[in-house]
Amino acid sequence: MQIRRLKLSGFKSFVEPAELRIEPGLTGVVGPNGCGKSNLLEAIRWVMGESSAKSMRGGGMEDVIFAGTAQRPARDFAEVVLHAADSAGEELEVVRRIERGAGSAYRVNGRDVRAKDVALVFADAATGAHSPALVSQGRIAAVIAAKPAERRQMLEEAAGIAGLHVRRRDAEQK
Ligand code: ATP
Ligand code: MG
């Protein structure tokens with residue numbers, strides 16, 4: 001899967017709607033401290049279904065919504081749109097939106113879906129919120145320090161079989 005475009009609105013420091021094109025190949029994000037590099041990576045993880053507020057460096061999931069500054073009022077929602085092409089070249093549009101007091105909602109290609117549907121879309125494509133393709137600060141040290149079971153999970157995610165575990169758990173519960 002190839003991420004092609006990202007649109008952010010009200011997400012953390014990206015208060016005004018911003019659109020980025022992501023070219024094929026390796027992408028690096030550079031800029032001065034505090035300019036929003038980590039926020040950008042977090043936006044990609046978030047739209048892919050990240051459910052841990054802590055890994056978004058927040059206390060609660062609503063902390064991803066622009067909190068306001070001395071000059072600008074806070075926003076009441078955050079939205080991230082991700083455009084990607086799957087391995088067959090098919091276009092994929094995933095939208096995640098969070099409103100204060102209303103939680104997150106997801107859409108895939110214009111259809112309302114559940115968080116776990118989004119997770120499966122990315123797990124099957126060997127990517128997702130925990131994909132080793134997204135290398136954030138501290139991640140390399142975390143790989144080195146990981147326990148064998150955690151490292152196995154990283155390999156399974158890279159191989160695209162993580163989604164099978166979710167389906168097995170589902171099947172076992174039924
Ligand atoms: P560094 O080089 O230090 O790693 P960075 O480019 O990764 O910096 P980020 O951590 O992405 O920077 O951005 C930090 C900025 O985002 C801070 O100024 C912080 O106040 C702002 N920020 C984070 N969450 C919110 C929010 N919910 N509302 C408004 N601003 C936010
Ligand atoms: Mg950073």
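Which residue follows α1, and what is the sign of its phi? The residue is G49, whose phi is positive, near 110 degrees.

## Basis of the model

This is a predicted model, in which local features need pLDDT of at least 70 and side-chain atom pairs count only at pLDDT 80 or more, whereas totals for chains, interfaces and linings use all residues. Residues are numbered from 1 along each chain as its sequence is written, and chains are lettered from A and ligands numbered from 1 in the order in which they are written.

Helices (H or I, at least four residues) and strands (E, at least two) are DSSP runs, numbered from the N terminus.

## The sheet

Six strands form an open sheet in the order β2-β1-β3-β4-β5-β6, with antiparallel pairing, where two strands pair if DSSP finds at least two bridges between them. The edges are held by β2 (18–21) and β6 (111–113), each with a single partner strand, so one side of each is left without a neighbour in the sheet. From one strand to the next the twist averages 20 degrees.

Between the antiparallel strands β3 (residues 77–85) and β4 (residues 91–99) there are 9 bridges, and E79 stands opposite R97 in β4. Strand β1 is joined to β3 by 7 bridges, again antiparallel, with L82 in β3 as the bridge partner of L6. On its pairing with β2, β1 has 4 bridges in an antiparallel arrangement, and there R5 stands opposite R21 in β2.

## Helices on the sheet

Helix α1 (residues 37–47) packs on the sheet, touching β1 (2–9), β3 and β4, and its direction makes about 80 degrees with that of β3; here axes are lines fitted to C-alpha atoms, for helices over the stretch in contact, and angles run from 0 to 180 degrees between N-to-C directions. Contact between two residues requires that their C-beta atoms, placed from the backbone, lie within 7 Å. In α1 the residues L40, E42, A43, I44, W46 and V47 are buried (20 or more other C-beta atoms within 10 Å of the residue's own, against 12 or fewer for exposed and partly exposed in between, with C-beta atoms placed from the backbone), and the buried residues of this helix pack against β1, β3 and β4.

Helix α2 also packs on the sheet, where α2 touches β4, β5 (103–108) and β6, and its direction makes about 50 degrees with that of β5.

## Helix pair α2 and α5

The axes of α2 (residues 115–124) and α5 (residues 162–173) come within 7 Å and cross at roughly 140 degrees. The two helices are therefore oblique to each other (angles under 35 degrees count as roughly parallel, over 145 as roughly antiparallel, 65 to 115 as roughly perpendicular and the rest as oblique). A119, L120, A123 and D124 of α2 meet A162, G163 and V166 of α5 in this contact.

## Helix α4 and positive phi values

For the 12 residues of α4 (residues 148–159), 1.5 Å a residue gives a span of 16 Å, which agrees with the 16 Å between its end C-alpha atoms; the expected span is 1.5 Å times one less than the number of residues. Helix α4 is hardly covered, as the count of buried residues among its 12 residues is 1, and just after α4, G160 takes a positive phi of about 80 degrees.

Two residues other than glycine also have positive phi: K12, near 50 degrees, and R57, near 60 degrees. K12 is found in the loop between β1 and β2 and counts as buried because it has 23 C-beta neighbours inside 10 Å, whereas R57 lies in the loop between α1 and β3 and, with 12 such neighbours inside 10 Å, counts as exposed.
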